[in-house]
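Please read the following report alongside the sequence and the structure. It takes up the overall build of one chain, then the contacts between domains and between chains, and then the strand pairing in the other chain.

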Amino acid sequence: MNLDINSFLLIPLLGFLLSLIIPQRKEHLLSQVAYGTAALNFACFLVFAVFWLAAGHPVLNVKDIVLYRAEGYEFLIDIYFDSVTAVYMIVGAFLTFIITMYSRVYLHREQGYKRFFNTILLFYVGYNITIFSGNFETLFIGWEILGLSSFLLIAFYRDRYLPSRNAVKVFSVYRIGDVGILLAMWASHHLWHENITFLKLHNYSLVHEHLQNHSAVGAFISLMLVVAAAAKSAQLPFSSWLPRAMEGPTPSSAIFYGSLSVNIGVFLLLRTYPFWEYQTSVRILIGLLGLTTAVVASMIARVQSSVKSQIGYASIAQIGIIFIEIALGLKLLALAHFAGNAFLRTYQLLVSPSVVSYLIHEQLYNFVPKLHTAKRFLPKRLEYALYLLSVKEWNLDSFMSRYVFGAFRRVGHSLDFLTLRNVLVFVLPVFVIGLVLLFQQAYLPPYIIPYLPVIFSFIGLGMVLKAFSERSSPLLCWVLILLYHAWIALAVAFNEQFQLIDVSTYLSGILIMGGIGFWGLRKLQSAETQYFALDRYYGHSYEHPKFAFWFLIACLGMMGFPISPTFIGEDLVFSHIREEQFLLAFFNSLGFVIGGIAIIRLYARLFLGSHVKTYHEVPYKSA
Amino acid sequence: MTTKSIQKHLFLEKDMLHKLRHYLPAQAPLKDFIHHNTLHAFQEFPFHEALSRASAIFGYRTYLPLKEYRTRFQGGSIHADILARLIDDNTDTPEAAQELQSRLLEKDYDTSVEARIGTVRKHWKDYGIHLDKLVHPILFRLLGSYLDQGISVWKFPMPANGFVACLREMERVAPFGGIFTTPRAKKLFLDESTTLKYLLTLLVGEEGLFEHYLFDQQCSHAGWAGMVAVLEENPNALLDAKTISLHDLIFMELLLEIEMLDRTFGEIWSPIGYKIEQAIPPLFAPTHTDELDEVLRLWQEAFEWSYYDQVLSGLRSSHSNNFPSNPEPKNTREASFQAMFCIDDRECSFRRYVEHLDPKSQTFGTPGFFNVEFYFQPEHSKFHTKSCPAPVSPKFLIKEKERKNVRKSDAHYARQSHSLFRGWLISQTLGFFSAVKLLESVVRPSLNPASVHSFRHTDKHASLTIERDENAPMENGLFVGFSHEEMTDRAEGLLKSTGLVENFAPLVYLVGHGASSANNTHYAGYDCGACCGRPGSVNARVAAFMANHPKVREMLRERGVIIPESTRFIGALHDTTRDELEFFDDEDLSATHKTLHSANQTTFREALMLNAKERSRRFELLDTLKSPEKVHESVKLRSVSLFEPRPELNHATNTLCIIGRRELTKHLFLDRRAFMNSYNYALDKDGKYLFGIMKAAAPVCGGINLEYYFSRVDNQRLGAGTKLPHNVIGLIAVANGADGDLRPGLPSQMIEVHDPTRLMMVVEHFPEVVQKVIRTTPELFEWFKNSWIHLVALHPITKEVFVFKGEEFVSYTPLHNSLLKALDMKILVESTQENLPVYVLADASGEAQKNHAEMEEFV
């Protein structure tokens, strides 16, 4: 039975890889591979389900592949299967099958037909890894793939400004969710002294025993999980990303933002439920979060005049209720609600163009002119205020951009004195001094040493903040992010157990991908001298689509995406941050988040958006 | 300010807004899609000059890419001899010709477009602020909520009348949540005496730049600006009418700009005009045409004439048996039945098959409202909708009674699913039913309550109030039904303008048309343009009723049209997507007529199948090689499939409008590219009916043609882009995503197979008569004078071709004297997806074929 579980991950992966090598013009084959993958997965699952149910639906756990082992640390892929996985699996496979079948004709003759199916399959891979994951590390792999595929699908119409901008925006919010996961992982390393599997979380006495002594750590982990879940499931205060994600072809919006992607936060809560089950305060928090989101989002949904935003907010409101259900411990209800809501919203989004004919017709027959304006139970003043506030989406979008990303940007701008030359003159020598100190710790006063990692990681954070707000030089931005990783490596290296092999695991991917990326940027610079900056979207993928693809791979490597050893190194670095070094952990995770955003921003500004040259049709910025 | 200066100021403001409105897209809300010339603002200029000017000012692409012309030349769809003739006409010396040729064929040009629009407002960037990014989302949301026709659950509160008035009242009393947070903007907003000029002074400073600034601002979201301008002119374009004006939109937007600037910089920032150091060229200063414009112009002409030339050659070879021996041709043939269709290009091939299957049948073309103009009110409907060409304002109302089929509803569109608690119940119950619907929609597509089906427009079994009861009161200022006199006028006009005044067959069909589609926001653009974007079923039925009425026949006799007792008119509807026909009132036929009718129905059925097969050659995913029955089934399936963005291809490839007798075109294969209006010059010596026909055909056919043209050459700016990501806003328009501007124009799926060539209108009449007719009104004359439509007069006796050029008719000799002969339609249809040249049909009269100097055969 365990073997079968693996196939649920292998089939999507094979499907994805196969779709990569099929040429663009073979529309038919591409779509066949896509819906074939989903159908095969679905069929396998049905067969499996018979045996599984016959065996009394046991919880299955496969400790699979150890990717990395060091003293006191192992990174392993762990697969886990229970009824939550089963429901997510069946809904996911069914909807993916429907959507790929649907898109087979719907996307006919669309530029990027292949790209579309590649991305859907990549999403499906990430989705399955996430729902089958048996520990945080595996989950994080899937989580990252979901983030990337979301980015790619939102920016599907990459020759337009708004999809490109919104893709970066959504990616940024997702990335904030990633901090939650990263810090939760870090804290749980210290709580359990191992990479805990979800299976073990079911061991009540074990969990209870650990939490008894570390209730603060326990609360912290739960809080971080809630942040991650809220970001991914568009709960407050993150909600405004969801309607903005509906930039791709309608079926992709339907499956991603109507159903599957947006319910991953719910999944995270269900999966970690045994962990926080007995933390009453956390349950109250989740319940309240769900409640406020449900109320606010349904008010926003009620005033929407665009059909997709309306469905989006209505879906958020339902997910808010699902959060409440989970908080109340009604897991089965929550699962049923998830499935029903996913089907309903997917269908509603798919048929959203039909509202014109349907509702106009209804208006024709049932129209009642609006006579009295005020709702009886609301005083007029309050009605107007709430109405306007809801039209403004309760300022959620401006809140995120002004107070979160705007703050990052403002700090970054205070470092504007950093230019390529200044980096060489100031930052590099300081780094060398730091390196020297690392090996000559004996000469340092011992009371200074604990502060050094924090200081270094703080400098690293400065690097990414500057990279994030850099407007002119892509090269500087790239170098700063490279430097950030170097600072982090240095900071962690002061922690005694950190081995050279760990450092090289961490930096290997970055150095290789960073080098390739730097070379790529130089090439682009010489080819497009006039159009090489970060002050606007340049849309170079119009002329250099292949180049854009390979550069994206380099970017992924740089941001610790699970394609290079850096991904493991990232986790390794965190595992070496000691429990009391929460500042270091905080700076590091913040740096990780902002670094990722800075890289995707760099990629988007250079390669996405409407093309800077106008010898062909160019869309309006507002289009 | 003195009264005088206030007046002057208001006048200038009005002037400016008037000018602005002129340049904004003029597309109506989705429910009445009416085609029009996208560049209507430039129609006062000659075509090519207008295109180059529009491009220089607004940055549109107005021709195909240079590359594409060259590829088409290589591929043979632009003919070398046509190009050579054009080069010859445009040069004096062989050297110049050589030079021009190398420019056309080889020279590299920088084809980038730089626009004047946006050059003032782009300077906000110098402030380090992205104003549009901050203002657009909130502005679009407010507009959408205010104008919404039925998407939102919580309707816009209407404390006052007008967009700004409502918002001002709400802002005034709301204790929190207001739009404006900065004191200055809020104060200016609440102060009713704030003027645009004052706001512009704050923002722009330099008065000389005001106009440019406003154009920049409104054109940065031309979709919304255009919609507001349209609704200001015609608030009744919305069923739930709203008062809005361009003034209100601009007022709101200027204030939001001030708000965002104040938020960022406090109240201390200098107007943008003071920051601009270099002189900015005025938006509408003269533009000059350069070498590239010239090259593109010639390519476009060559492209167009490569097709026109064949058509003209084909038309010349027509109906020679009637000429010149019989100078006053009359319709003398005995017909098995007659069928009158809409002039629509989609009926072109259907008529061909009907005539082919029953060689004794006759077909006619006329605008699909059959000369009866009225508002139609379906039973139980709260509104009546126009059922005639858009510019006409009817005085009549036709009501539907005793409707049998009931409209079904679908809970998926119910607003309750968006509310909190009911949404909770619905998603746990209906949600699982959605899964079934999802599966069904991809595995077995079928008609659902939200699909658009032309046959649902009116119930075949319902009755209509066509005859006016003299005692009945008027409703909403409209007469319910027509009097006998009024009916006679309309029937006379219909018959005389089409030339069907004698030799009536026992059955005359009046066939309107409509379309069916699922999940299609632009569904109204698929229906009959002459019925204001609705199916023509009611018009066909009403017109048939009139022509059958004994009183009407009596009065018609007095006016010289004698319809025999034995002739019956039958109204019908052709569904152009599904290729199906529905007949009205055919149960009441006499036994003899019933027999004839059922024989004709067989003809129609077969013609529909063949027509579906011919259409299918354009559908890449459909196997045209299958039998007509199978292809027909697949074609029908497209109309109900949610995932099919191309249920039919509509007017794509249209490029001809032929006004004359069917004998002109009957022997030709015109590949569904021609609007055809039947007209007999001999019955209309002074061109009275011709004027009526041209007055309607020029804006309708020209509008369709040019909308397709511009949506095709710049689908991003003049079209709606791909429809796949479209999001419906307020039921009035579509946008991309959540924050996007409205997208007027046609989506790429509608125009991708279209060849952007202008309309060539061919009129069968003496050039001097045509010349006189087109000069009747300046509006009509403008279309031809400025070459937005190519006009050709075909001499009815000598068959000489005259092309309208520089306000004169000039004799034209086609270069191509030979046309290919289509031996087998099946092979021809199955041969390619691309546009086909003009062919002579194998079953055309021997005479027509012999007229070709040399005949090549198509195998």
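## Overall build of chain A

In this predicted model, the secondary structure of chain A comes to 26 helices and two strands. The radius of gyration of chain A is 25 Å, close to the 25 Å that the globule rule gives for 623 residues, so chain A is as compact as a globular protein of that length. Measured out along its principal axes, the C-alpha trace of chain A spans about 85 × 65 × 60 Å.

Of the 623 residues in chain A, 59% are buried. When contacts in chain A are counted between residues at least 6 apart in sequence, 78% of them join residues at least 24 apart.

## The two domains of chain A

The domain assignment divides chain A into domain 1, covering 2-358, and domain 2, covering 414-607. The C-alpha centres of these two domains of chain A lie 28 Å apart, and the contact between them takes 28 residues from domain 1 and 27 residues from domain 2.

On the side of domain 1 of chain A that touches domain 2, the elements that each supply at least two residues are β1 (60-70), β2 (73-81), α5 (136-154) and α6 of chain A. Of these, α6(A) gives the most, with 16 residues. By class, this side of domain 1 of chain A has 18 nonpolar, four polar and six charged residues.

## The contact between chains A and B

The contact between the two chains takes 87 residues from chain A and 99 residues from chain B. On the side of chain A that touches chain B, at least two residues each come from α3 (83-106), α6 (161-192), α10 (241-244), α14 (280-303), α15 (307-327), α16 (331-350), α17 (355-366) and α18 (380-391) of chain A. The residues of this side of chain A divide into 47 nonpolar, 24 polar and 16 charged. Helix α6(A) thus appears both here and on the side of domain 1 that touches domain 2 of chain A.

## A six-stranded sheet in chain B

Six strands of chain B form an open sheet with mixed pairing, in the order β13-β11-β16-β17-β18-β19. Strands β13 (674-678) and β19 (808-812) of chain B stand at the edges, each with a single partner strand, so one side of each is left without a neighbour in the sheet. From one strand to the next, the twist averages 25 degrees.

The edge strand β13(B) runs parallel to β11 (residues 656-660) of chain B, to which five bridges join it; within this pair, Ile658(B) has Met676(B) of β13(B) as its bridge partner. Helix α14 (residues 291-316) of chain B lies across β11, β16 (759-764), β17 (789-794), β18 (801-805) and β19 of chain B, and runs at about 20 degrees to β17(B).

## Strand β5 of chain B and its partners

Which strand of chain B pairs with β5(B) in the parallel sense over three bridges? That partner is β3 (residues 375-377) of chain B, paired with β5 (residues 396-401), and here Phe376(B) stands opposite Ile398(B) of β5(B).

Strand β7 (residues 479-480) of chain B also runs parallel to β5(B), joined to it by two bridges, and Leu397(B) stands opposite Val480(B) in β7(B). By contrast, β6 (residues 463-464) of chain B pairs with β5(B) in the antiparallel sense over two bridges, where Glu400(B) stands opposite Leu464(B) in β6(B).

Terms used. Residues are numbered from 1 along each chain as its sequence is written. Chains are lettered from A and ligands numbered from 1 in the order in which they are written. This is a predicted model: local features need pLDDT of at least 70, side-chain atom pairs count only at pLDDT 80 or more; totals for chains, interfaces and linings use all residues. Two strands pair if DSSP finds at least two bridges between them. Helices (H or I, at least four residues) and strands (E, at least two) are DSSP runs, numbered from the N terminus. Axes are lines fitted to C-alpha atoms, for helices over the stretch in contact, and angles run from 0 to 180 degrees between N-to-C directions. Two residues are in contact if their C-beta atoms, placed from the backbone, lie within 7 Å. Ala, Val, Leu, Ile, Met, Phe, Trp, Tyr, Cys and Pro count as nonpolar, Asp, Glu, Lys and Arg as charged, and the others, Gly among them, as polar. The radius of gyration is taken over C-alpha atoms; the globule rule is 2.2 Å times the number of residues to the power 0.38. A residue is buried if 20 or more other C-beta atoms lie within 10 Å of its own, exposed if 12 or fewer, and partly exposed in between; C-beta atoms are placed from the backbone. Domain bounds come from an automatic or database domain assignment.
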